[in-house]
Every structure is written in structure tokens, then in C-alpha cells.
Amino acid sequence: MKPYYYSPNHSQRAALAALSLLLFPTFFPSLFGPLGRASPSIFSEWNAPKPIHLHLLEAALSTQSSVEHQIKLWAPLGNQGWKHCPEEPKSASSKPKGSNGYIQVFLDGGLNQQKMGICDAVAVAKILNATLVLPHLEVNPVWQDSSSFQEIFDVDHFLDVLRDEVSVVKELPSEFSWSPREYYATGIRPTRIKTAPVHAPAEWYLENVLPTMQSYGIAAISPFSHRLSFDNMPESIQRLRCKVNIQALAFVPHIRELGETLVNRLRNPPIRNQNTDSQEGTYDLDKQGAGKFVVLHLRFDKDMAAHSACDFGGGKAEKLALAKYRQVIWQGRVLKSQFTDEELRIQGRCPLTPEEIGLLLAALGFDNSTRLYLASHKVYGGEARISTLRRLFPLMEDKKSLTSAEERAKVEGKASLSAAVDYYLSMQSDIFISASPGNMHNALVCHRAYMNLKTIRPSMTLLSKLFLNKSMQWSEFQQAVLDGHKNRQGQIRLRKEKQSIYTYPAPDCMCQA
């Protein structure tokens, strides 16, 4: 007897297909969920949006900068009338002595927020005449990096730079071994100070922390981010904060070595065929930018995209996915979602997309011969999202394209160490530009201003208005960009009241020439 084979009819096959489609998200939720930070979900956000500003993009791709413009673009900044303050000789009375006790701080945030906390911790130790224990770096819930102070910063250099300023120890002495970070996670402790107000004055620490330290010999301050005022501080304390930020916080040798490797490969690229398939036209290695490079800090991760509540051209699927992500992460606390996309853009509150930052760079005069290093954590949308930027700048590189897996092994998967490499590279670049404000942007604006290096600050309000004008031609767009960024290329801006010393180094960290 012939074996019987079941063969479903057309209606049965249709029913099975429909059932499979309904059950597929149940068995493979990661493909549909919008919560992955590393990459978009396949069915909700995978399709890369088409260029939003296609007419500008086509014009930018066919435009080449003149030699005169290139010379001006790559020219270093001139003398701005500010210089590094001379180091004052230390008298015996100014050196730390007779410590009042130990200070511990536990620092939240990413690399650059933690750097600011370290600077403030040194200043507070000086104010209290206390001994600072190397700050504990908390694990950031977004970046998930458990790297310690010793794994990021050169501890011996840190101690050497500050030896005449404040007492710092690598770890607590044995009599205080009962006070590790874990001790403060298991209950209320009399030695913990958790009421430090944001931007507290020096007097607050003398009145509220010093008594605890004198009673117990130790005080632990947590939370500590942004807990020291920028105003009404003695000049010596301000200068000390600057010294920690600019001089003391050097990265560990392997980060500097990897950074230097990247710099050398950017400045001395291998000879490449001029007839490249990745860009319309060719590039000329003999241009003014030869041997030079620009670092682009592109912060366009999923958290930022969702929190901005802006439309990035991905259609209804992307809007719904970001709205769901926003609801799950912030439970309706994102007030910006009440505004329309146009209202948000007019206010300059939408981060620049990779396409838009590419058009800005092209309008400023960078072209397909520009060596561009991309400093970023994870770009929302992945390679598909930055494809337009790569069309404009085929010589764009990142850590993966410039190094082997073996060379990257010590920083791979560690966001803070990876950010430290990008920071080092950004300080070595001829020009730095950040796609949107943030701690990395502010830290480099400060450090590069101190070193008088060219740093382009995009005018978010201007660019938003330009991109909303869909009829604007390239020549008009380019001229508006050039006019709007003449004074946004590293010119010294004096710090105003309540502004951060870690963004504006003058006049606190610098002296007039």
C-alpha cells in the first residue's frame, strides 16, 4: 500500500501561514522589540530611511572646495590673547599637611561626567584639608562598563601631579577597611553624606562634611556628580580643578599607545587607488588637508533618538518603535513628546542625523579627500544610517577600520576605555566637531580651547531652520552655514555665572597674554 502524504489545500496553507505570522514575534521577540541598544529590530526599524535632504546631498556630492577655501579651513587658530597661567612656586605652607580624615566619592555617569566628578573631588579634599581616596567609578546602566579608575587613568601620574596640592591615596588604610563601596549599599551609614545639593558652595562642605569626617575619620559622599559650585570659589580652588582636568587625568599607557597608532594611520594612510567606487568622483591626496584629519563625535544612539521625540525619516514604524522605547524607559516623563517635530527643530532640540552632520561638513568645505575619524559608541540604525555620511566622506574611518581585533582587545566591549581612546584622538586631531551637545562635546570644547585648537560647534538652531527649508538650494545653504559658523570654530568664550568651568576654561583656567 502506498504511504499517505498529507497535502494541505490552499485555504489550509493560508491559515497556517497566518498562524505562523502571528506566532513569529512570540518565538523571536528580539527581532521585533525596540529595546535593543546595539542595533535596530529587523521588522520595526531595519529599513534605512532614504536621504531626507536629497537635493542638498546631490549638490554636495558634486561640489569640490577651492584651494583657497581649503587653506583657510585647515589653518590653525591664531593667538587669541589667552595663555596657560604660569605655575606658581609652592611654599611649604601651601602643601597638604595634617589631614582631617579621608574622603570617598562614588561617581555616576560616563567617562566625561566621571572626569568632572574627579576634579570636584580633589577640590573638595583641598577645601576640607582631607585625604582623597581614589574615586570609585560606578557601573553606568547605559554603557555597562565596570572599568575602575586605575584601568582608565594613569594613577602614578595623577599622584605625581597633585603631590604638592592635596593628599591622595590609592586605597584606604587597614583601620578603615570596613568602609568599601559595598558597605554603603546595604544600609544607612553614619559616615555617608547623601544630601549634598547640586552645585553646593564650599561652605556647605565645611559645615556638613567636615564634622562627620572629624567624628569618624572618614566621610563618603554619594551621589557626588555636579555637587560643587562653579561660582564664588577661591582662585586657588578653580585653578586646582583646571589642573586636575587638563594635567592630572592622563590615560593609562595602553590607551595612549592605541590612540597614537590611530593618529599615525590617519596622518599617514597607505597609498590608495584614486579611482574609488565608493564616491562619485575622485579625491586628491595632494590637497591642503593631506596628512591632516578631523574627528567627528557622532552621538546618535537610540536613547538620544528616542528621548528627543524628533522624526528622523524612518516612517511610521520607526516613530512607533521609538515611542514604545520612550514609554518603557521613561514612563511618559519625556515632555518634549508633546511638541511637533517642526516645533522641536525650530527650538534646535533635535540631534543632527548622520546625513545632516555630513551636509554641514560639506558646506564648511570638507570633501571626499577629507580624512574623517568617526568617534561614536553605537549609531542608531547602524551602518545603514551612516551610509549617506560615508558617501560624502569615503575616507571615513573608525577604530575597527584602522586596527586589528588584537590591537583593540584591551578596549573592546568597554565603553569608557573606548571613549578614552576617542578622547585622546580628538585632542590630537587638526579639527574636532561634535554632532550634538553633551559631556564629551563639553569636555573637548574646554580642553581644545585651553590648547587653542580649532573646534567647530554646530549651531543647532540655525541648522534646524535651514533643514526645514526644503526649497533652499545648495549655494544658499552653504553660504548660510559659513556665515553662521565664522565665530564657532574655537574662539575663546569667557565663562559666565553658573556656567561650567569644564566647558569654558577662561578666565578661571587661563591668563590674559
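**Cysteine pairs and S222, Q&A**

Me: What is the handedness of the disulfide between C310 and C350?
Reply: This is a predicted model, so take the geometry in that spirit. The torsion about the S-S bond of C310 and C350 comes out at about -90°, so this disulfide is left-handed.

Me: How many residues apart in sequence are the parts that C310 and C350 tie together?
Reply: C310 sits in the loop between α12 (302-308) and α13 (315-330). C350 is in the loop between α14 (341-346) and α15 (354-364). The pair therefore ties together parts whose separation in sequence is 40 residues.

Me: Are C310 and C350 buried or exposed?
Reply: The cut-off for buried is under 20% relative accessible area. By that cut-off, C310 and C350 are both buried.

Me: What handedness does the disulfide of C85 and C511 have?
Reply: Their sulfurs are joined at an S to S distance of 2.1 Å. The torsion about that S-S bond is about 110°, so the disulfide of C85 and C511 is right-handed.

Me: How far apart in sequence are the parts tied together by C85 and C511?
Reply: C85 lies in the loop between β1 (82-84) and β2 (102-107), while C511 belongs to strand β13 (residues 510-512). Both cysteines are buried. The parts they tie together are 426 residues apart.

Me: And C242 with C509: what is the handedness there?
Reply: That disulfide has an S to S distance of 1.8 Å. Its torsion is about -65°, so the disulfide of C242 and C509 is left-handed.

Me: How many residues apart are C242 and C509?
Reply: C242 is in helix α10, and C509 is in the loop between α23 (474-484) and β13. C242 counts as buried at 7% relative accessibility, and C509 does at 6%. This pair links distant parts of the chain, 267 residues apart.

Me: What pattern do the disulfides follow?
Reply: A search of the whole structure turns up 3 disulfides. Count the bonded cysteines along the chain and you get 1-6, 2-5, 3-4.

Me: Why is C446 not bonded to C509?
Reply: A disulfide needs sulfur atoms within 2.5 Å. C509 holds the cysteine sulfur closest to that of C446, but it is too far for a bond, at 5.7 Å.

Me: Which residues is S222 in contact with, leaving aside its neighbours within four places in sequence?
Reply: S222 is in the loop between β7 (218-221) and α10 (235-248). With a relative accessible area of 8%, S222 is buried. Leaving those neighbours aside, its contacts are F106, R192, I193 and K194.

Definitions and conventions:
Residues numbered from 1 in each chain as written. Predicted model: local features only at pLDDT ≥ 70, side-chain atom pairs only at ≥ 80, totals over all residues. Heavy atoms only, no water. Helix = DSSP H or I, 4+ residues; strand = E, 2+ residues; numbered from the N terminus. Buried < 20%, exposed > 50% of the residue type's maximum accessible area, 1.4 Å probe, protein only. Contact = heavy atoms within 4.5 Å.
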